Amino acid sequence: MTTRQAPSALTDDEAYALLRRHAGHSSAFLALNEGNRRFRADGVDGFVPYREAGRRHLFQLGGPVCAPADRERLLTALLDEAGRAGRRVTAVQLGREAAELHARHGFTVNQFGASFSIALDGYGLGGQRMVKVRNMVNRARREGVTVTEVLAEQRRTPDVARALDAIDRAWLRGKGRHVKELDFLIGERGGPGAPHRRLFTARHDGRTVAYVSYSPVFGARAGWLYDLTRRLPDAPPGTVELVFATALQRFQEEGCGWLHLGFTPFVQLRPEACAFGPTSSVLRRALELLAAKGQAVYPAATQESFKLKWRPQVIEPEYLAFQHGVSAGAVWRLMRLTKAV
């Protein structure tokens, strides 16, 4: 899609600076994923991350990244440019304010899932409610698992890179030969955002058996996003929990306010979540069916269970928004874009 409003392209560093200034959504850093494009409008300090799919569809990731006063203008410019190119816009992973903005522009809005967040001030793993988590963490420690943060420059060394690549390959094989690695709505280990992420690895019996990557979160709930998790099939039980608990404690020691557990589709669906605008009952029923039967598409129930056991204090709905109403073509293209099919 050409962008007549802003012919100059954003560099990765400029996009990161805009995220620091204006982003508030816990997953906004995904805008820096490799393959995303950045729409700009003349005179607006901001951008909209997106990808094109086919000749008719444009998928917007999150809301406009700009000052609140400029969001209406930036979204209008994007819609105008998409219209001139003959494309219809679908917005994915919108927070409530961004969903309401799109509803005012005539989008059909449905809840897509929910995001989960932990306020770290005073948070701990003590008490009866966290006993299962503590047991898993302690089990991994008894097995001899150790956790280390690996700095960005260390991740580029051949030995570390090979170990992490091996985990990725084994993790994907363990999902089955027909399963593809999801894209667009999840983080990545490399790409333009790599220098800004933090990565913790778990080692057992002299080899790296798991890693967890965290992405920065800006705005009122600044902190870190639990972003990407990979483990070898034979990693000791409790390995991921030990990595998570170690990183959580490190962030607390640094004075971090929030640890965000990220977005999970098809969970925590509530009919009243879309009371502010037009919604599709057909899509709502389809998403509810995926919530109940869709483990082959995405292990939403497993992801939700892992996040809930950490007792997040904040659970918020996230939304899909379709320009000109929900269409089978847009839904299909989204599933192809995310590699869900």
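Here are some short exercises, each with a worked solution, on a predicted model.

**Exercise 1. Work out how many disulfides the model has, and whether Cys256 and Cys274 are buried or exposed.**

Step 1: Let's start with the rule, which asks for a pair of cysteine sulfur atoms within 2.5 Å. By that rule the count is zero disulfides.

Step 2: Now for accessibility, where buried means under 20% relative accessible area. Cys256 comes out at 15%, so it is buried. Cys274 has 9%, so it is buried as well.

**Exercise 2. Find the largest nonpolar core and say which helix gives it the largest share.**

Step 1: As background, nonpolar side chains in soluble globular proteins tend to be buried together.

Step 2: In this model the largest nonpolar core holds 61 residues. Tyr214, Phe244, Phe251, Leu259 and Trp310 have the most contacts inside it. Helix 7, residues 239–253, supplies the largest share of this core, with eight residues.

Step 3: Pick out Phe244 and look around. Setting aside residues up to four places away in sequence, Phe244 touches Ile118, Tyr214, Tyr226, Leu259, Leu261, Phe306 and Trp310.

Step 4: Another core, of 26 residues, lies apart from the largest one, and its members include Leu75, Leu94, Cys274 and Tyr319.

**Exercise 3. Describe what helix 3 packs against and what follows it.**

Step 1: Helix 3 covers residues 96–104, and its buried residues are Ala98, Ala99, Leu101, His102 and Ala103.

Step 2: Those buried residues pack against helix 2 (71–84) and four strands: strand 3 (57–61), strand 4 (88–94), strand 5 (108–119) and strand 11 (314–322).

Step 3: After helix 3 comes Gly106, with a positive phi near 90°.

**Exercise 4. Work out which residues line the largest cavity, and which element gives the most to the lining of the second largest pocket.**

Step 1: Searching the whole structure turns up one cavity of 30 Å³ or more. The largest cavity has about 30 Å³ of space.

Step 2: Its lining is made up of Arg155, Arg189, Arg197, Arg198, Leu199 and Ser213. Sorted by type, that lining has four charged residues, one polar and one nonpolar.

Step 3: Turn to the second largest pocket, with a volume of about 840 Å³. It is lined by 33 residues, and Gly24, His25, Gly95, Arg96 and Glu97 lie nearest its centre.

Step 4: Helix 2, strand 4, helix 3, strand 5 and strand 11 each give two or more residues to this lining. Helix 3 gives the most, with five residues. By type, the lining of the second largest pocket splits into 13 polar, 12 nonpolar and eight charged.

**Exercise 5. Gln93 and Gln268 have positive phi values: where does each sit, and is each buried or partly exposed?**

Step 1: Gln93 is in strand 4, and its phi is near 60°. With 3% relative accessibility, under the 20% limit, Gln93 is buried.

Step 2: Gln268 sits in the loop between strand 10 (258–265) and helix 8 (281–293), with a phi of about 55°. At 29% relative accessibility, Gln268 is partly exposed.

Step 3: One of the residues in contact with Gln268 is Ile315, which also contacts Ala114, Ser115, Phe116 and Leu308, leaving aside neighbours within four places in sequence. Ile315 lies in strand 11 and is partly exposed at 33%.

Terms used. Residues numbered from 1 in each chain as written. Predicted model: local features only at pLDDT ≥ 70, side-chain atom pairs only at ≥ 80, totals over all residues. Heavy atoms only, no water. Buried < 20%, exposed > 50% of the residue type's maximum accessible area, 1.4 Å probe, protein only. 1 Å grid on protein atoms, 1.4 Å probe; cavity = no way out; pocket = protein on both sides within 12 Å on 5 of 7 lines; lining within 4 Å. Points joined across faces, edges and corners; volume = space filled by probe spheres on them. Nonpolar A, V, L, I, M, F, W, Y, C, P; charged D, E, K, R; others polar. Core = buried A, V, L, I, M, F, W, Y, C linked by side-chain atoms within 4.5 Å. Contact = heavy atoms within 4.5 Å.
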